[in-house]
4 protein chains.
Amino acid sequence: MAIEGRDETHARRIRYGMVGGGQGAFIGGVHRIAARIDDRFELVAGALSSTPEKAKASAAEIGLDPARSYGSYEEMATAEKAREDGIEAVAIVTPNHMHFPVAKTFLDAGFHVICDKPMTTTLAEARELAAIARASGKVFVLTHNYTGYPMIRQARAMVAAGDLGDIRVVVAEYAQDWLAGRTEDTGSKQAGWRVDPEKAGAGGAIGDIGTHAHNLACFVTGLKVERLSADLSSFVEGRRLDDNASMLLRFAGGAKGMLWASQVAVGNENGLTLRVYGDRGGLEWCQEEPNKLWFTPLGEPKRLLTRNGAGANAASTSVSRLPAGHPEGYLEGFATIYADAAELIRAADEGRAPPEGLALPTIEDGIDGLAFIEACVASSKQDGAWVAL
Amino acid sequence: MAIEGRDETHARRIRYGMVGGGQGAFIGGVHRIAARIDDRFELVAGALSSTPEKAKASAAEIGLDPARSYGSYEEMATAEKAREDGIEAVAIVTPNHMHFPVAKTFLDAGFHVICDKPMTTTLAEARELAAIARASGKVFVLTHNYTGYPMIRQARAMVAAGDLGDIRVVVAEYAQDWLAGRTEDTGSKQAGWRVDPEKAGAGGAIGDIGTHAHNLACFVTGLKVERLSADLSSFVEGRRLDDNASMLLRFAGGAKGMLWASQVAVGNENGLTLRVYGDRGGLEWCQEEPNKLWFTPLGEPKRLLTRNGAGANAASTSVSRLPAGHPEGYLEGFATIYADAAELIRAADEGRAPPEGLALPTIEDGIDGLAFIEACVASSKQDGAWVAL
Amino acid sequence: MAIEGRDETHARRIRYGMVGGGQGAFIGGVHRIAARIDDRFELVAGALSSTPEKAKASAAEIGLDPARSYGSYEEMATAEKAREDGIEAVAIVTPNHMHFPVAKTFLDAGFHVICDKPMTTTLAEARELAAIARASGKVFVLTHNYTGYPMIRQARAMVAAGDLGDIRVVVAEYAQDWLAGRTEDTGSKQAGWRVDPEKAGAGGAIGDIGTHAHNLACFVTGLKVERLSADLSSFVEGRRLDDNASMLLRFAGGAKGMLWASQVAVGNENGLTLRVYGDRGGLEWCQEEPNKLWFTPLGEPKRLLTRNGAGANAASTSVSRLPAGHPEGYLEGFATIYADAAELIRAADEGRAPPEGLALPTIEDGIDGLAFIEACVASSKQDGAWVAL
Amino acid sequence: MAIEGRDETHARRIRYGMVGGGQGAFIGGVHRIAARIDDRFELVAGALSSTPEKAKASAAEIGLDPARSYGSYEEMATAEKAREDGIEAVAIVTPNHMHFPVAKTFLDAGFHVICDKPMTTTLAEARELAAIARASGKVFVLTHNYTGYPMIRQARAMVAAGDLGDIRVVVAEYAQDWLAGRTEDTGSKQAGWRVDPEKAGAGGAIGDIGTHAHNLACFVTGLKVERLSADLSSFVEGRRLDDNASMLLRFAGGAKGMLWASQVAVGNENGLTLRVYGDRGGLEWCQEEPNKLWFTPLGEPKRLLTRNGAGANAASTSVSRLPAGHPEGYLEGFATIYADAAELIRAADEGRAPPEGLALPTIEDGIDGLAFIEACVASSKQDGAWVAL
């Protein structure tokens with residue numbers, strides 16, 4: 001069994017820098033591993049923390065050249081632009097409120113941008129950033145990383161091929177329990193900013209994980225949510241943002257949906273699941289067992305499709321690194337975002353069309369994500385009135 | 001390992017008759033097996049079909065005395081009342097629209113009633129029937145049979161004991177796929193009446209299976225749904241009743257919920273699941289694996305509680321017949337409803353309080369069920385406005 | 001969805017008596033429920049315990065006519081033979097060592113016999129009993145009840161139809177943990193006789209549960225074990241019979257197998273599983289989720305076949321009572337043994353061939369079971385030498 | 001949630017070269033990714049294929065400096081030794097028969113060695129290599145990669161801590177189906193050498209995957225297999241090595257075991273499972289869901305322990321990169337072998353003891369693996385006689 005799909009075919013690594021991702025952070029380390037897995041990127045610069053001391057210590061810890069460890073992202077943009085061997089792209093892994101200014105700065109300076117989600121903290125910012133990005137001619141990739149899972153790519157291709165027929169019902173969930181108590185009082189940096197509207201934006205659970213569920217539902221079905229009716233709650237005392245959100249969805253074209261995002265569902269770790277039902281078949285997938293996809297053609301027994309297994313299609317095998325039964329996980333899915341981003345960046349730099357089959361979340365998805373968050377908040381404030389996205 | 005809980009300790013079987021349940025029916029046969037399992041009932045009379053020929057043939061098939069196979073339920077009520085060895089109770093297993101007249105007739109005639117759900121086709125009828133039942137002094141049992149599953153009894157007792165703390169979120173689902181196509185055109189008697197508002201009432205999926213999910217959520221949590229916002233769809237062309245329903249729930253006391261009932265979710269057979277989350281723990285249960293209950297105390301690993309296993313409590317062991325690991329199923333859960341009904345009936349006949357620990361769905365649950373159905377229909381007609389139950 | 005397969009089509013119930021199954025017993029209650037489920041039998045007599053007082057109390061508890069509650073099985077055979085309305089069949093549910101004398105007595109007296117497994121405590125007895133049974137012209141049914149599970153019937157039919165091609169490998173397990181400690185010291189009647197060679201015979205775990213795994217493997221594959229190499233252990237201090245047995249199997253025709261029976265495998269309740277692999281496909285089944293059968297045709301995705309679901313064949317649907325997704329369990333599988341036994345008995349009484357499609361364990365299976373047990377003991381004593389069955 | 005355990009704290013990457021792993025190979029690509037994930041290694045040289053053209057093309061494909069892409073491993077050893085910036089370690093990822101000569105060459109030349117399993121093709125070679133390695137003072141790491149899974153580390157620590165009490169029974173399996181047909185005739189390079197005794201050694205399935213199951217059983221329990229009785233089969237026509245192996249095990253200290261390795265079990269991808277039962281508890285783990293570990297303390301409900309979840313211990317969290325519920329997979333487990341190897345290498349180079357908590361497979365495990373393979377072959381040839389390891 002040969003390692004299939006993603007391998008290390010490449011001319012030269014893309015030099016990139018990172019903003020955020022210092023000590024105590026979570027997603028920065030994930031981005032760095034993801035960037036290394038397929039060996040298409042090389043981290044050469046960083047503004048890893050807004051606290052200079054911490055930035056320096058963090059850089060040392062990961063072996064970054066001290067000369068290219070910057071005290072601020074603005075400084076990094078300027079300095080790297082001036083270098084012959086400067087970065088070509090930046091990865092933005094800060095709390096949400098910094099996504100916009102950092103992305104704007106680096107796009108303006110002519111760098112490609114890989115940005116964590118949600119893209120910004122407001123829809124207005126998202127639209128502004130989209131305009132900047134389009135005008136820049138640079139690549140902008142949003143790391144809705146779950147779209148990188150091979151069986152999610154397979155599901156999307158199956159829906160597109162009509163294997164499910166007309167989509168009728170979509171059920172998306174993202175259930176966690178790590179904020180079931182007052183985690184923000186324990187000194188957790190992760191919890192701290194996520195429950196703070198100044199840093200996270202208007203959405204708590206909906207911004208942090210609901211957007212992933214929303215994005216995944218749209219990515220797989222190819223449908224857009226037209227209207228939603230949401231009920232947001234903050235169950236933990238003193239919490240200002242939602243920690244539980246339930247909603248009804250109506251998709252363009254007539255499909256109906258439900259979405260549940262919760263950070264207080266005791267017994268759930270990262271329970272992101274997607275179920276899609278059409279008039280010819282159904283698909284079910286769960287992030288905690290990402291190598292499996294359940295497919296039931298109408299009137300036939302349920303089938304277990306596995307990554308690189310007998311029922312795998314090109315959309316999944318092309319982003320798969322291991323034979324069936326050797327599980328790939330979260331980091332490999334994330335790595336696929338980076339590998340695809342490398343293809344986009346090289347194509348953009350060389351002025352050619354990117355290869356076919358890429359399926360990266362775009363700046364449009366970023367806008368949709370913020371529209372989703374704002375619609376949730378608006379609907380909930382109006383006692384669940386249907387709000388258009 | 002001794003057979004525990006339910007056994008055959010009894011003085012004398014209760015004589016009962018059945019209305020409905022002739023050839024081609026489904027639930028009648030289930031009631032008969034359920035009544036036999038614990039040997040507390042004896043079927044001695046029947047009006048098994050509204051078609052006399054079919055009633056006769058059906059009676060012969062199950063070995064019923066031809067003299068006590070009646071052409072109509074009215075005839076049966078009258079004739080059995082006149083016999084010294086007449087029935088003591090009646091089981092009503094007709095399509096929904098007949099529940100009310102049949103139940104009324106037999107209550108009026110002084111019989112105990114075991115009635116399938118939903119109790120009636122309208123809330124007004126349900127209330128009327130409740131008044132009749134209360135006035136009669138007779139036992140009225142509604143076969144929300146899923147409440148008979150041992151691990152559901154266990155879950156209810158655990159919630160009542162505070163193992164989950166204050167309930168925050170309830171997610172209930174009942175997903176099927178047998179009506180994903182035009183099953184009603186295939187000659188299926190089962191499908192035929194269920195999609196016909198004259199026979200099923202105002203609810204399609206919500207009446208047939210949504211009420212089960214609603215009932216189960218309330219049974220386990222001890223909470224009442226105060227308001228709901230529903231979105232009903234009829235996906236299959238030409239269908240007059242809903243075949244997919246999604247809704248948001250608000251429980252008295254502040255818990256939030258979601259409920260999904262679908263008969264077009266391809267790949268689901270009888271996917272009735274219940275998830276309950278409180279501030280101290282979470283519970284998860286699925287009807288298709290009814291001997292298992294997942295319990296996560298906050299901050300501890302998830303535990304698999306099994307029927308009669310190490311973590312079983314008295315509420316489940318007392319309604320369990322087999323050692324752990326030998327699966328009990330749907331019929332045994334249904335049998336528990338009958339066994340409990342026998343206790344109620346004997347107690348009523350003897351003018352004493354029933355034994356403790358019974359947990360039967362009552363006529364109040366029947367009212368709640370119809371209130372639920374009507375609220376769903378009303379909310380959906382008002383584009384999802386919150387409707388009080 | 002109509003209740004399919006087994007229903008109550010019958011002329012008249014078969015009158016039967018029971019030997020064993022008094023208070024504190026396990027399997028007697030199971031037989032009684034199983035006999036009631038499809039309504040083909042009526043319990044009218046019993047010698048429920050070898051202790052007269054207990055026999056009487058047990059009979060009263062289950063509502064047996066005191067006049068037909070006997071103090072000994074010999075008395076019952078004689079008295080019932082003399083009655084015009086005497087029993088037609090007997091169910092033997094005693095500890096193993098009584099199977100032979102009781103079965104012999106009732107066969108000699110002209111009754112049909114339904115006997116729990118293992119058939120006797122020695123192979124010599126088994127052969128003797130087989131000769132008696134054959135000579136008697138009476139029906140002898142061995143309750144290897146797991147063969148009554150619909151998906152086991154389906155698996156057998158699939159193998160017979162060649163869906164798996166030539167069988168290569170069979171892996172059978174039956175893992176429990178209820179004897180992991182000194183359960184026999186806790187007053188458990190169940191444990192007490194099972195660890196006593198005088199009552200259980202030469203096999204502990206192999207006799208109690210290993211025979212089930214062996215029988216199931218043969219039942220499904222249609223193959224016979226030709227030779228085996230076994231390693232028996234008694235892990236719990238002071239235990240005289242094996243509580244863990246592992247063995248290698250060689251089937252006639254060249255298939256290889258493994259079998260593991262354990263009563264000390266902490267975390268296993270009734271983990272009876274069977275996996276069968278041929279050159280064209282594989283099947284996997286687990287008793288704790290009996291409504292599911294996993295089938296993988298070579299080179300295709302794994303399929304989940306469910307009882308009465310899309311992929312169900314006639315062998316399973318004909319012994320199924322409920323629609324797919326409403327679980328049937330252990331008692332229903334056991335009931336199928338009784339329902340099939342009723343067909344055999346009626347056919348024998350009427351001197352006609354039984355209907356096609358019955359698949360009951362026979363007296364030959366009983367001989368095979370004892371041959372298996374004795375081969376295990378012999379092989380283990382010879383340090384795992386291959387022993388022919 | 002911070003990324004825990006493994007991160008990128010390091011001074012300088014270890015320069016390494018690779019022998020084998022050219023185009024069409026599988027495990028070479030895995031090693032390269034594994035080495036990159038934690039950023040402790042840098043690939044700077046290679047003899048990627050014994051075919052010079054292929055070596056060159058393979059090197060180009062992965063961006064290796066052409067000057068350091070060698071035509072033979074001997075050339076690489078000599079040339080790299082002469083360079084100031086030469087490699088410090090070599091990764092050997094060739095078919096089995098080359099492990100010995102390559103490892104010997106590089107150890108002799110003073111390099112650390114990371115070698116795929118099985119260590120050699122004969123026990124004699126394994127012992128010789130062990131002597132060479134010990135004399136060299138260099139680090140020798142055997143990539144029994146499954147030992148790098150966090151929950152396997154946790155299981156090992158739990159057994160060592162006595163959570164299971166005295167171990168009684170161990171059941172290990174590794175079931176695949178990719179060789180169920182004549183895969184070797186399809187041009188698969190992977191299949192080709194694995195079924196060829198000249199390249200694979202005396203073991204087919206036992207050498208390729210049985211050794212993994214054996215190693216894992218010993219790694220987790222801390223026990224050694226003392227004797228085994230094996231039955232090897234070659235089911236596919238014309239195959240010279242075993243493609244199915246079943247065996248009984250006896251561990252030093254009295255525990256019993258079973259081991260099954262199959263490459264013809266249709267429906268199994270990489271079904272490596274381990275079950276361990278002691279007198280105080282049981283553990284169950286499956287490679288295809290590696291983030292889960294099932295633990296049952298005697299007399300308590302089964303618990304689901306998850307990587308970085310509530311029940312995780314230091315042995316697992318210290319080798320974990322992601323929060324609970326974000327699955328890590330095969331590559332991360334493999335990466336842990338590399339990360340631990342980096343620690344060992346640095347410690348060896350600096351003449352200090354390695355940090356505590358490393359749990360790498362050693363050259364002793366390599367000897368045990370070959371002893372296992374040879375014992376299997378010997379036992380099977382003697383019709384399953386018990387053979388000492």
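How many residues does the contact take from chain C, and how many from chain B? It takes 41 residues from chain C and 40 residues from chain B. Keep in mind as you turn the structure around that this is a predicted model.

Let's stay with that contact for a moment. On the side of chain C that touches chain B, the elements giving two or more residues are α1 (27–37) and α11 (330–349) of chain C. Of these, α1(C) gives the most, with 6 residues. If you sort the residues on this side of chain C by character, you get 16 nonpolar, 13 polar and 12 charged.

How do the two copies sit relative to each other? A rotation of 180 degrees, with 0.0 Å of shift along its axis, superposes chain C on chain B, and the RMSD is 0.0 Å. To find the axis from the chain C side, look for C:G329: its C-alpha is the one in chain C nearest the axis, 2.5 Å from it. As for the surfaces, 98% of the interface residues of chain C are also interface residues in chain B, so the copies meet through the same surface.

Now swing over to chains A and D. Here 40 residues of chain A are in contact with 40 residues of chain D. On the side of chain A that touches chain D, α1 (27–37) and α11 (330–349) of chain A each supply at least two residues. The largest share comes from α1(A), with 6 residues. By character, this side of chain A divides into 16 nonpolar, 12 polar and 12 charged residues.

The geometry of this pair is worth a look too. In general, two copies of a chain are related by a rotation about an axis and a shift along it. For this pair, a turn of 180 degrees and a shift of 0.0 Å along the axis lay chain A on chain D with an RMSD of 0.0 Å. That is the relation of a two-fold axis. In chain A the C-alpha nearest the axis belongs to A:G329, and it lies 2.5 Å away. The same surface serves both copies, as 100% of the contact residues of chain A recur in chain D.

Next, zoom in on a single chain. Chain A has 12 helices and 14 strands. Its radius of gyration is 20 Å, close to the 21 Å that the globule rule gives for 389 residues, so chain A is as compact as a globular protein of that length. Along its principal axes, the C-alpha trace of chain A spans about 65 × 55 × 40 Å.

The UniProt record, an unreviewed entry, helps to divide up the chain. It places "domain: Gfo/Idh/MocA-like oxidoreductase N-terminal" on residues 14–142 of chain A. That span is 43% helix and 19% strand, and its end C-alpha atoms lie 17 Å apart. The unreviewed entry also lists "domain: GFO/IDH/MocA-like oxidoreductase" for residues 152–284 of chain A. Over residues 152–284 the chain is 27% helix and 34% strand, with end C-alpha atoms 10 Å apart.

For a sheet to trace by eye, go to chain C. Five strands make an open sheet with parallel pairing, in the order β2-β1-β3-β4-β5. At the edges stand β2 (41–47) and β5 (140–142) of chain C, each with a single partner strand, so one side of each is left without a neighbour in the sheet. From one strand to the next, the twist averages 20 degrees. Strand β1 (residues 14–19) of chain C pairs with β2(C) in the parallel sense over 6 bridges, and C:G17 stands opposite C:A45 in β2(C). Helix α4 (residues 99–108) of chain C lies across β1, β3 (89–92) and β4 (112–115) of chain C, and it runs at about 160 degrees to β4(C).

Chain B lets you pick up the sheet story from another strand pair. Its open sheet has 5 strands in the order β2-β1-β3-β4-β5, with parallel pairing. Strand β1 (residues 14–19) of chain B and strand β3 (residues 89–92) of chain B pair in the parallel sense over 4 bridges. The bridge partner of B:G17 in β3(B) is B:V90. Helix α11 (residues 330–349) of chain B packs on this sheet, touching β1, β2, β3, β4 (112–115) and β5 of chain B, and its direction makes about 170 degrees with that of β5(B).

Notes
Residues are numbered from 1 along each chain as its sequence is written. Chains are lettered from A and ligands numbered from 1 in the order in which they are written. This is a predicted model: local features need pLDDT of at least 70, side-chain atom pairs count only at pLDDT 80 or more; totals for chains, interfaces and linings use all residues. Copies are superposed by least squares on the C-alpha atoms of residues with pLDDT of at least 70 in both. Two residues are in contact if their C-beta atoms, placed from the backbone, lie within 7 Å. Ala, Val, Leu, Ile, Met, Phe, Trp, Tyr, Cys and Pro count as nonpolar, Asp, Glu, Lys and Arg as charged, and the others, Gly among them, as polar. UniProt positions are given in the numbering used here, feature names are shortened, and annotations may be inferred rather than shown by experiment. Two strands pair if DSSP finds at least two bridges between them. Axes are lines fitted to C-alpha atoms, for helices over the stretch in contact, and angles run from 0 to 180 degrees between N-to-C directions. The radius of gyration is taken over C-alpha atoms; the globule rule is 2.2 Å times the number of residues to the power 0.38.
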